[in-house]
Amino acid sequence: MTAPIRILLVDDEAAFVETLAKRLVHLGARVATAEGGVEAYAVLEAEPVDVVLLDMHMPDLNGLETLKIIRKNFPATEVILLTGEGDMTRHMQSLEAGAFDFLLKPVPLERLWKRIMEAAGR
């Protein structure tokens with residue numbers, strides 16, 4: 001039996017985080033959460049994860065800034081960016097900075113889980 005996928009969910013919308021975390025745990029993942037980029041870095045320092053689900057718009061560091069920090073310091077961790085805005089420039093910048101994917105909210109859970117599994121190499 002393989003170990004559960006370890007996910008860090010980074011978003012400043014508490015209701016979204018709570019709902020998505022419960023759904024991912026139900027699918028068998030281990031989920032940690034953070035409200036922003038600074039907190040996400042602290043979580044990653046304490047415990048490695050397989051995949052980070054990262055909101056693009058946050059109050060401290062934005063998703064692109066946080067992505068660059070994660071890629072530099074945790075290169076084995078894949079990052080999937082989530083956003084409510086379909087900004088193609090940000091999409092391209094994110095992929096160029098090393099994001100595994102860039103998905104628009106709301107994303108169907110089945111599609112998100114498939115991308116998480118692919119990012120985790122499963």
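The paragraphs below go through the salt bridges, a charged surface patch and several individual residues of this predicted model.

The salt bridges come first. The structure holds nine of them, and three are described here in turn. One is formed within a helix: the side chains of Glu-18 and Lys-22 meet with a nitrogen-to-oxygen distance of 3.3 Å. Both residues belong to helix 1, which covers residues 14-26, and because they are four residues apart there, about one helical turn separates them. Glu-18 has a relative accessible area of 48% and is therefore partly exposed. Lys-22, with a relative accessible area of 56%, is exposed. The cut-off for exposed is over 50%, so Lys-22 at 56% falls in the exposed class and Glu-18 at 48% in the partly exposed class.

Another salt bridge pairs Arg-30 with Glu-47, and here the closest N and O atoms are 2.4 Å apart. Arg-30 lies in strand 2 (residues 30-34), while Glu-47 is in the loop between helix 2 and strand 3, so this pair ties together parts that are 17 residues apart in sequence. Both partners count as partly exposed: Arg-30 has a relative accessibility of 43%, and Glu-47 has one of 36%.

The remaining pair to be described is Lys-105 with Asp-55, whose side chains form a salt bridge with an N to O distance of 3.2 Å. Lys-105 lies in the loop between strand 5 and helix 5, and Asp-55 in strand 3, so the bridge ties together parts that are 50 residues apart in sequence. Both Lys-105 and Asp-55 are buried. This bridge also belongs to a wider arrangement, since salt bridges that share partners join Asp-11, Glu-13, Asp-55 and Lys-105 into one network.

Some detail can be added for each partner. Strand 3, where Asp-55 is found, runs over residues 51-55. The relative accessibility of Asp-55 is 4%, and that of Lys-105 is 18%. Buried means under 20% relative accessible area, so Lys-105 at 18% still counts as buried. The two side chains are also joined by a polar contact of 3.2 Å.

What kind of peptide bond joins Lys-105 to the residue that follows, Pro-106? The bond is cis, with omega about -10 degrees. Pro-106, like Lys-105, lies in the loop between strand 5 and helix 5. Val-107 is found in this loop too, which is placed between strand 5 (101-104) and helix 5 (109-119). Is Val-107 buried or exposed? Val-107 counts as buried, at 18% relative accessibility. The C-alpha atom of Val-107 is separated by 21 Å from that of Gly-37, and the two residues are 70 residues apart along the chain.

Helix 5 contains Ile-116. This isoleucine is buried, with a relative accessible area of 0%. Ile-116 and Glu-39 are 77 residues apart in sequence, and their C-alpha atoms are 21 Å apart in space.

Glu-39 leads to the surface. This glutamate is placed in helix 2, which spans residues 37-46. Its relative accessible area of 37% makes Glu-39 partly exposed. Glu-39 is also one of the residues of a negative surface patch, formed together with Asp-12, Glu-35, Asp-60 and Glu-65. Residues enter such a patch only with over 30% relative accessible area and no salt bridge. The 37% of Glu-39 is therefore over that limit.

A last stop is Ala-76, in the loop between helix 3 (63-73) and strand 4 (78-83). Ala-76 counts as exposed, because its relative accessibility is 72%. Ala-76 and Val-51 are 25 residues apart in sequence, and the distance between their C-alpha atoms is 9.1 Å.

Technical notes
Residues numbered from 1 in each chain as written. Predicted model: local features only at pLDDT ≥ 70, side-chain atom pairs only at ≥ 80, totals over all residues. Heavy atoms only, no water. Patch = residues over 30% accessible without salt bridge, like charges linked within 9 Å, V, L, I, M, F, W, Y side chains within 5 Å. Areas by Shrake-Rupley, 256 points an atom, 1.4 Å probe, with all protein chains shown as cover. Salt bridge = Lys/Arg side-chain N within 4 Å of Asp/Glu carboxyl O. Lys, Arg positive; Asp, Glu negative; His and termini not counted. Charge placed at Lys NZ, Arg CZ, Asp CG, Glu CD. Helix = DSSP H or I, 4+ residues; strand = E, 2+ residues; numbered from the N terminus. Buried < 20%, exposed > 50% of the residue type's maximum accessible area, 1.4 Å probe, protein only. Polar contact = N/O pair within 3.5 Å; in protein donor to acceptor, adjacent residues only side chain to side chain.
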